[in-house]
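Thanks for coming, everyone. Let me put the model up, and then I'll walk you through it.

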Amino acid sequence: MSVDTTTVKRVARLARIAVTDEDAERMTGELNAILGFVEQLNEVDVTGVEPMTSVTPMAMKKRRDAVTDGGKAADIVANAPATAEHFFLVPKVVE
Amino acid sequence: MTDLTRLTIADARDKLRGKEITSAELTDAYLDAIDAANATLNAYVAVTHDKARDMAKASDAKMAKGEGGALEGIPLGIKDLFSTEGVHTQACSHILDGFKPRYESTVTSNLWADGAVMLGKLNMDEFAMGSSNETSHYGPVVNPWRRQRLEQSVTPTIHLDEGGFVPAGGGVREARTLDNARLVPGGSSGGSAAAVAAFLCAGATATDTGGSIRQPAAFTGTIGIKPTYGRVSRWGVVAFASSLDQAGPIARDVRDAAILLKSMASVDAKDTTSVDMPVPDYEAAIGRPIKGMRVGIPKEYRVDGMPEEIEALWQKGIAWLKDAGATIVDISLPHTKYALPAYYIVAPAEASSNLARYDGVRYGLRVPGKDIVDMYEKTRAAGFGREVKRRVMIGTYVLSAGYYDAYYLQAQKVRTLIKRDFEAVFDAGVDVILTPATPSAAFGIADEDMASDPVKMYLNDIFTVTVNMAGLPGIAVPAGLDARGLPLGLQLIGKPFDEETLFQTAHVIEQAAGRFQPEKWW
């Protein structure tokens with residue numbers, strides 16, 4: 001399978017990365033080189049093979065459903081580019 | 001006075017405990033070395049002078065009272081991927097500009113609890129995506145090793161001692177000059193490997209998703225171990241591909257790597273993939289005889305176009321282990337060639353998901369836009385470098401509707417087969433597998449071949465990536481120099497959670513091969 005620049009632009013949109021026409025052109029070539037490289041996986045017979053979900057067989061660790069942390073609003077917003085009263089500020093999303 | 005930066009961790013530990021030196025002296029020696037070298041090598045992206053001196057002073061006070069942990073007073077460098085409270089943590093990306101976490105990663109917490117001293121944060125490929133440390137927002141790291149130009153050709157088996165080269169065959173000293181072409185230290189833990197090799201820290205933390213500890217270790221003549229998935233907590237380590245990422249040390253010898261891993265590893269409730277198994281005393285494994293050990297040699301690691309020198313090095317490794325009493329067994333890992341293509345689906349897919357959090361809202365860079373989506377898109381376009389964008393795009397594509405089964409599901413099935421190959425070999429009685437670490441020695445910065453074709457760069461990890469795909473432990477140990485005087489490494493692959501066998505066997509190789517240090521030019 002290979003991609004064209006329209007697909008690359010659509011994927012960039014899904015990935016939330018702004019691309020210029022020039023970027024999309026360049027990326028099309030790069031992505032096709034990688035997709036060409038991974039194509040060989042189709043040679044492998046995977047009939048009846050389970051997809052890997054965990055490299056080491058392990059039971060998911062669980063803990064009691066209780067509040068164990070909190071009261072750190074100032075820490076949580078400390079690195080944000082824009083905040084007000086412990087809220088993250090973003091451009092208006094609701095009209 | 002001898003140069004304190006030349007001490008191994010084990011030696012420094014003895015001298016500190018014996019009150020022959022203080023951590024303040026040792027730390028100052030490293031800080032001076034960093035200040036003198038970093039403009040040239042670019043191994044550190046942040047040097048924490050004050051913090052280092054404070055920590056050293058605290059260690060000296062503890063040791064004066066006869067107290068102290070396993071790494072008390074030992075100065076270390078920390079890869080920029082590890083969260084360090086109040087200190088530069090950016091995964092060497094522009095998108096994390098100014099990020100200073102309000103928490104400490106489990107690995108670094110463990111190191112500080114054992115008394116280690118932080119010298120600063122080490123350069124790396126952006127988000128650990130790269131094999132040459134050239135994708136860093138902070139520019140490339142320069143390998144302390146340079147190629148030699150020789151009047152005469154040299155046999156590849158030469159050992160570098162303090163005083164210069166001693167040809168193994170004995171005899172005449174070669175007239176030589178160092179070529180001043182700048183070489184890469186490998187990646188993504190290029191800063192870690194270069195800093196350890198150039199004596200800018202006693203040891204360093206690193207991480208490995210496809211080879212990012214072992215390939216730079218091989219390129220710099222240092223030791224690097226990627227532990228079994230689940231052995232070291234990933235909590236507080238900036239995520240790249242969560243099912244593959246694992247932290248480990250880079251050190252100047254096998255013993256130092258064992259000492260560091262013992263402190264880095266732990267059982268951690270904060271990482272659900274951390275395994276509930278006590279951490280063994282890895283150092284105790286060093287020096288144990290390997291007589292009767294079964295060493296597997298996988299035929300699939302003999303790849304087309306592999307330089308003759310790599311093959312010769314591998315044969316030398318086989319001979320050393322045989323001499324030490326090991327039994328050599330030819331083995332087959334039939335799905336080896338599919339590990340790298342499967343990796344380039346699985347790792348980007350996980351990365352595209354992990355890196356979704358960098359949106360200009362909660363931390364780091366924000367580029368304003370006309371609405372929120374425009375802000376996300378502009379922020380990510382400006383904040384991510386080319387390689388990161390490339391992988392996020394691949395990951396987004398292979399996970400997108402209609403392609404998931406063809407790519408991601410197929411890759412995860414192939415991954416199961418890769419793991420089964422290893423299980424079959426270990427079940428048949430093989431204790432450890434010996435392979436080359438990399439298909440070449442260090443290459444030049446801005447290598448045109450690599451720059452023009454991303455897949456060429458990816459091939460650097462051809463021998464290491466299988467280990468991540470199967471979650472196994474792997475260690476790279478320097479085994480010789482190539483004809484141009486650059487270090488080459490061998491890799492040992494072990495059973496899950498059998499890091500002890502890796503240290504034990506790597507030590508045998510180290511004893512036979514000797515230690516390799518670059519000639520100081522920087």
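Start at B:K79. Setting aside residues within four places in sequence, B:K79 contacts B:L122, B:M124, B:S189, B:G191, B:S192, B:A204, B:T205, B:A206 and B:T207. Keep in mind that this is a predicted model.

Where does B:K79 sit? In strand β2 of chain B, residues 75–79. Buried or exposed? B:K79 has 32 other C-beta atoms within 10 Å. The cut-off for buried is 20 or more, so B:K79 is buried.

Why start there? The unreviewed UniProt entry puts the feature "active site" at B:K79, B:S188 and B:S212. Those positions spread over 134 residues of sequence, yet they cluster in space. The largest C-alpha distance among them is 11.4 Å.

Now B:S188. This serine is in a loop of chain B, between β7 (176–178) and α5 (190–197). B:S188 has 35 C-beta neighbours inside 10 Å, so this residue also counts as buried. Look at its contacts, again without neighbours up to four places away. They are B:M124, B:D125, B:A128, B:M129, B:G130, B:N133 and B:S212. So B:M124 appears in the contacts of B:K79 and in those of B:S188. And B:S212, from the UniProt feature, is a contact of B:S188.

Next, the domain record. UniProt, in the same unreviewed entry, gives "domain: Amidase" at residues 25–149 and 181–502 of chain B. Residues 25–149 are 33% helix and 14% strand, with end C-alpha atoms 37 Å apart. For residues 181–502, the figures are 39% helix, 15% strand and 34 Å between the ends.

On to the sheet. Chain B has an open sheet of 11 strands with mixed pairing. The order is β1-β3-β2-β8-β10-β9-β14-β15-β13-β11-β12. Which strands stand at the edges? β1 (44–47) and β12 (327–331) of chain B. Each has a single partner strand, so one side of each has no neighbour in the sheet. From one strand to the next, the twist averages 30 degrees.

Some pairings inside that sheet. β9 (residues 223–226) and β10 (residues 246–251) of chain B are antiparallel, over 2 bridges. There, B:G224 has B:I250 in β10(B) as its bridge partner.

Then β15(B). This strand runs antiparallel to β14(B), with 7 bridges, and antiparallel to β13(B), with 5 bridges. On the β14(B) side, B:V477 stands opposite B:L490. On the β13(B) side, B:L434 stands opposite B:L492. The β14(B)–β15(B) hairpin has 5 residues between the strands, and B:G485 takes a positive phi near 85 degrees there.

How many residues of β15(B) are buried? 8 of the 8, so the strand is largely enclosed by the rest of the structure. Both faces are covered. One side has B:P487, B:G489, B:Q491 and B:I493. The other has B:L488, B:L490, B:L492 and B:G494.

What lies across this part of the sheet? Helix α16 of chain B, residues 499–513, lies across β9, β13, β14 and β15. Its angle to β14(B) is about 5 degrees.

Now the core. In soluble globular proteins, nonpolar side chains tend to be buried together. Here the largest nonpolar core has 177 residues. Those with the most contacts inside it are B:L76, B:L119, B:A195, B:L200, B:I223 and B:I345. Helix α9 of chain B, residues 339–354, gives the largest share, 10 residues. Take B:L200 as one example. Beyond four places in sequence, this leucine touches B:Y30, B:A33, B:I34, B:A37, B:A43, B:G77 and B:A195.

Last, the two chains together. The contact takes 38 residues from chain A and 53 residues from chain B. On the chain A side, α1 (5–14) and α2 (21–38) are the elements that give two or more residues. α2(A) gives the most, with 7 residues. By class, that side has 30 nonpolar, 3 polar and 5 charged residues.

One more stop in chain A. A:K72 lies in the loop between α2 and α3 (73–77). With 11 other C-beta atoms within 10 Å, A:K72 is exposed. A:K72 and A:H86 are 14 residues apart in sequence, and their C-alpha atoms are 9.8 Å apart.

That's the tour. Over to you.

How values were computed. Residues numbered from 1 in each chain as written. Chains lettered and ligands numbered in written order. Predicted model: local features only at pLDDT ≥ 70, side-chain atom pairs only at ≥ 80, totals over all residues. Contact = placed C-beta atoms within 7 Å. Helix = DSSP H or I, 4+ residues; strand = E, 2+ residues; numbered from the N terminus. Nonpolar A, V, L, I, M, F, W, Y, C, P; charged D, E, K, R; others polar. Core = buried A, V, L, I, M, F, W, Y, C linked by C-beta atoms within 7 Å. Buried ≥ 20, exposed ≤ 12 C-beta atoms within 10 Å, placed from the backbone. Pairing = 2+ DSSP bridges. Axes fitted to C-alpha atoms, helices over the stretch in contact; angles between N-to-C directions. UniProt positions renumbered as here; feature names shortened; annotations may be inferred.
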